[in-house]
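Here are some exercises to work through with the structure open beside you. Try each task yourself before you read its solution.

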Amino acid sequence: QVQLRESGPGLVKPSQTLSLTCTVSGASTVTDVPYGWVWIRQPPGKGLEWMGVIAYLGDTHYSPSLQSRTSISRDTSRNQFSLQLSSVTPEDTAVYYCVRWVGRSGFDHWGQGTQVVVSS
């Protein structure tokens, strides 16, 4: 069994940096082959948006539309990976999910999601 849990502030002011952490527990670590660890978000009334991934070797890949503002990192000692999204606007208001990606098999474990509101 694998569990993912998002944590971080639920309210961020415009122009600030949104920071979220995903803690992975159970039968998986962020260095396990062949997994990738993904951030996905869903704005209100819209579909899911893939933001980026940190792979088991630590390499990262980002959505082109968010690349200039997004950074994903990991702490292997705590079995966590984190998201930073800079210069946020109200359009970044969304439910943010951390997810385990198994390549062609898709996404097999999701966190429950955390609501983040960008507002002054």
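**Exercise 1. Find the partner of Arg69 in a salt bridge, and place both residues in the chain.**

Solution. Start at the side chain of Arg69: it meets the side chain of Asp92 in a salt bridge, at 2.9 Å from N to O. Keep in mind that this is a predicted model. Next, place the two ends: Arg69 sits in the loop between strand E6 (60-62) and E7, while Asp92 sits in the loop between E8 and E9. The pair is 23 residues apart and links distant parts of the chain. Now check Asp92 for cover: its relative accessible area is 2%, so Asp92 is buried. Finally, widen the view, and you will find Arg69 and Asp92 in a network of salt bridges together with Arg41 and Glu49. The count of salt bridges comes to 5.

**Exercise 2. Compare the surroundings of two further salt bridges, Arg100 with Asp108 and Arg78 with Asp75.**

Solution. Take Arg100 and Asp108 to begin with; their side chains meet at 2.5 Å, N to O. Arg100 has a relative accessible area of 5%, so it is buried. Asp108, at 33%, is partly exposed.

Then turn to Arg78 and Asp75, where the closest N and O atoms are 3.9 Å apart. A salt bridge calls for a distance within 4 Å, so this pair qualifies. Arg78 counts as exposed because its relative accessibility is 58%. Asp75 has 28% and therefore counts as partly exposed.

**Exercise 3. Which cysteines form a disulfide, and what is its handedness?**

Solution. The count of disulfides comes to 1. Look for the two sulfur atoms that lie 2.1 Å apart: they belong to Cys22 and Cys98. Cys22 is in strand E3 (residues 18-26) and Cys98 is in strand E9 (residues 94-101), so the disulfide links distant parts of the chain, 76 residues apart. Both Cys22 and Cys98 are buried. For the handedness, use the torsion about the S-S bond; it is about 65 degrees, so the disulfide is right-handed.

**Exercise 4. Is Ser77 buried or exposed?**

Solution. Locate Ser77 in the loop between strand E7 (70-75) and strand E8 (80-85). Its relative accessible area is 67%, and the cut-off for exposed is over 50%, so Ser77 is exposed. For one more step, find Thr29, which is 48 residues from Ser77 along the chain; the C-alpha atoms of the two are separated by 9.8 Å.

**Exercise 5. Which residues form a nonpolar patch on the surface?**

Solution. Pick out Leu48, Trp50, Trp101, Phe107 and Trp110, which together have about 470 Å² of accessible area. One of them, Phe107, lies in strand E10 (residues 107-110). With a relative accessible area of 35%, Phe107 is partly exposed.

**Exercise 6. Describe the protein as a whole: how many helices and strands does it have, and does its radius of gyration agree or disagree with that of a compact globule?**

Solution. Count the elements: there are 0 helices and 11 strands. Next, take the overall span of the C-alpha trace, about 40 × 30 × 25 Å along the principal axes. A compact globule of 120 residues would have a radius of gyration near 14 Å, and the protein has 13 Å, so the two agree. To finish, consider cover: 42% of the 120 residues count as buried. The protein exposes about 6,200 Å², with carbon and sulfur atoms supplying 49% of that area.

Definitions and conventions: Residues numbered from 1 in each chain as written. Predicted model: local features only at pLDDT ≥ 70, side-chain atom pairs only at ≥ 80, totals over all residues. Heavy atoms only, no water. Patch = residues over 30% accessible without salt bridge, like charges linked within 9 Å, V, L, I, M, F, W, Y side chains within 5 Å. Areas by Shrake-Rupley, 256 points an atom, 1.4 Å probe, with all protein chains shown as cover. Helix = DSSP H or I, 4+ residues; strand = E, 2+ residues; numbered from the N terminus. Buried < 20%, exposed > 50% of the residue type's maximum accessible area, 1.4 Å probe, protein only. Rg over C-alpha atoms; globule rule 2.2 N^0.38 Å. Disulfide = S-S within 2.5 Å.
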